[in-house]
Amino acid sequence: MIIVLKKDRDESQYKHLLEWIKSLGLKTDISEGENSLVMGLVGDTSRVDIDLVRSLDIVEDVKRIQEPFKMANRKFHPEDTVVKIGDVEIGGGTFAYIAGPCSVESEAQIIEVAAAVKAAGAKILRGGAFKPRTSPYAFQGLRDEGIRLLLRAKEETGLPIVTEIMSEVHIDLFRDLDIVQIGARDMQNFELLKAVGKMGKPVVLKRGIAATVQEWLMSAEYLMSEGCHDVILCERGIRTYETSTRNTLDISAVPVLKELTHLPVIVDPSHASGVARYVKPLSKAAAAAGADGVMIEVHNDPPRALCDGAQSLRPEQFRDVVTEVNEVLKAVGKRV
Ligand code: PEP
Ligand code: MN
């Protein structure tokens, strides 16, 4: 349920309303706009008498929200959420480039790639330390050592880090990292979502390979209901009958999400296509469709990458993507 309050409301009536809502065991999510204040009620609102609330002098309007996602709903929070990581912003009018290797492989590799993507325009470094691999015999990531090397790359370049968490037993290792990633395979690992939601860090939530937009937003709701307001949704392709790409980039998800939620939306064209030469056109499509950023796999030596070499760009190819995407951003009126 949302309650829209009048601009010139009486403060003591407002306080009474807040106390009454609290006494019903509900939480409020308040979003102040230019002309009104939107108050979202979180919890079981079935006992709230909507007509009684509507009759209050300070209330402009009351609506029940039909969708099962509440805190992630744009009706709850009409303004775009802008996630701030130091002086980097994701959401609102800016577009963020996130780049780096699929996996951290060595100190020299991660530092070389970090410096190269920074020089090409990346604002955030990605790199997997814990890797979700289909085969147990494939490279599983450097794990704790990978986290240590990501922090070294941050020290060297100043780039904030995003990296994937696969188990809540590793939470302590992520203390000094900037953004925690929940991978596609874990989008509906609800216990992990609850634990990560309590970490107090921004989260990149990737879309599950067979998840609907609504299921994805319900996973965002899990994080938000635990106190995490900085959720960044990442479209990374879904599984369809098409085999010419690794996954199928659901570009429509970008405008659909922009309508349904205030959370920032980014696109991962690398996992969506699985093919390095498709990354540029798909990145341009993402920018044109209204995405708030892209997350791109970049490796200093793709043929020798331990994971996802076929979809990884060389640093100079990444630079070229940034140049062309920036042209699209000018056309859609977004800042870098
Ligand atoms: C990744 O970004 O490294 C990754 C494993 O992606 P996804 O969860 O989308 O497959
Ligand atoms: Mn990868």
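The expected span of a helix is 1.5 Å times one less than its number of residues. Keep that rule in mind as we walk through this structure, which is a predicted model.

Let's try the rule on helix H10, which runs over residues 315-332 and has 18 residues. From its first C-alpha to its last, H10 reaches 26 Å, close to the 26 Å expected.

Now look at which parts of H10 are hidden. Pro315, Phe318, Val321, Val322, Val325, Val328 and Leu329 are buried. They share one side of H10, because they cover an arc of only 130° around the axis. There is a handy general idea behind this pattern: an α-helix has 3.6 residues a turn, so residues three or four places apart point the same way. What do the buried residues of H10 pack against? Their partners are two strands, S7 (96-100) and S14 (293-297), and two helices, H3 (107-120) and H9 (279-289). Turn to the face of H10 that points away from the buried side, and you will find the exposed residues Glu316, Lys330 and Ala331. Just after the helix comes Gly333, which takes a positive phi of about 75°.

Next, let's visit a single residue. Asp268 sits in the loop between strand S13 (265-267) and helix H8 (269-273). Is Asp268 buried or exposed? Its relative accessible area is 0%, so Asp268 is buried; the cut-off for that word is under 20%. The side chain of Asp268 makes a polar contact with the side chain of Lys206, at 2.6 Å. That side chain of Asp268 also reaches the backbone nitrogen of Ser270, at 2.9 Å. If you leave aside neighbours within four places in sequence, the residues in contact with Asp268 are Lys206, Cys234, Glu235, Arg236 and Met295.

Two of those names, Lys206 and Arg236, will help you find our last stop, as both are among the residues that surround ligand 1. Others around ligand 1 include Arg126, Lys131, Pro132, Glu164 and His271. Which polar contacts can you trace here? A side-chain N or O atom of Arg236 is 2.6 Å from an oxygen atom of ligand 1. Arg185 brings a polar side-chain atom to 2.9 Å from an oxygen atom of the ligand, and for Gln181 the corresponding distance to a ligand oxygen is 3.0 Å. How much of the accessible area of ligand 1 does the protein cover? On its own ligand 1 has 300 Å² of accessible area, and the protein covers 96% of it.

Technical notes. Residues are numbered from 1 along each chain as its sequence is written. Chains are lettered from A and ligands numbered from 1 in the order in which they are written. This is a predicted model: local features need pLDDT of at least 70, side-chain atom pairs count only at pLDDT 80 or more; totals for chains, interfaces and linings use all residues. Side-chain values use heavy atoms; hydrogens and water are left out. Helices (H or I, at least four residues) and strands (E, at least two) are DSSP runs, numbered from the N terminus. Buried means under 20% relative accessible area, exposed over 50%, partly exposed in between (1.4 Å probe, protein chains only). The arc is that of the directions from the helix axis to the C-beta atoms. Contact means heavy atoms within 4.5 Å. A polar contact is a pair of N or O atoms within 3.5 Å; within protein, one must be able to donate a hydrogen and the other to accept it, and residues adjacent in sequence count only if both atoms are side-chain atoms. A residue is near a molecule or strand if one of its heavy atoms lies within 4 Å of it. Accessible areas come from the Shrake-Rupley method with a 1.4 Å probe; for residues, only the protein chains shown count as cover.
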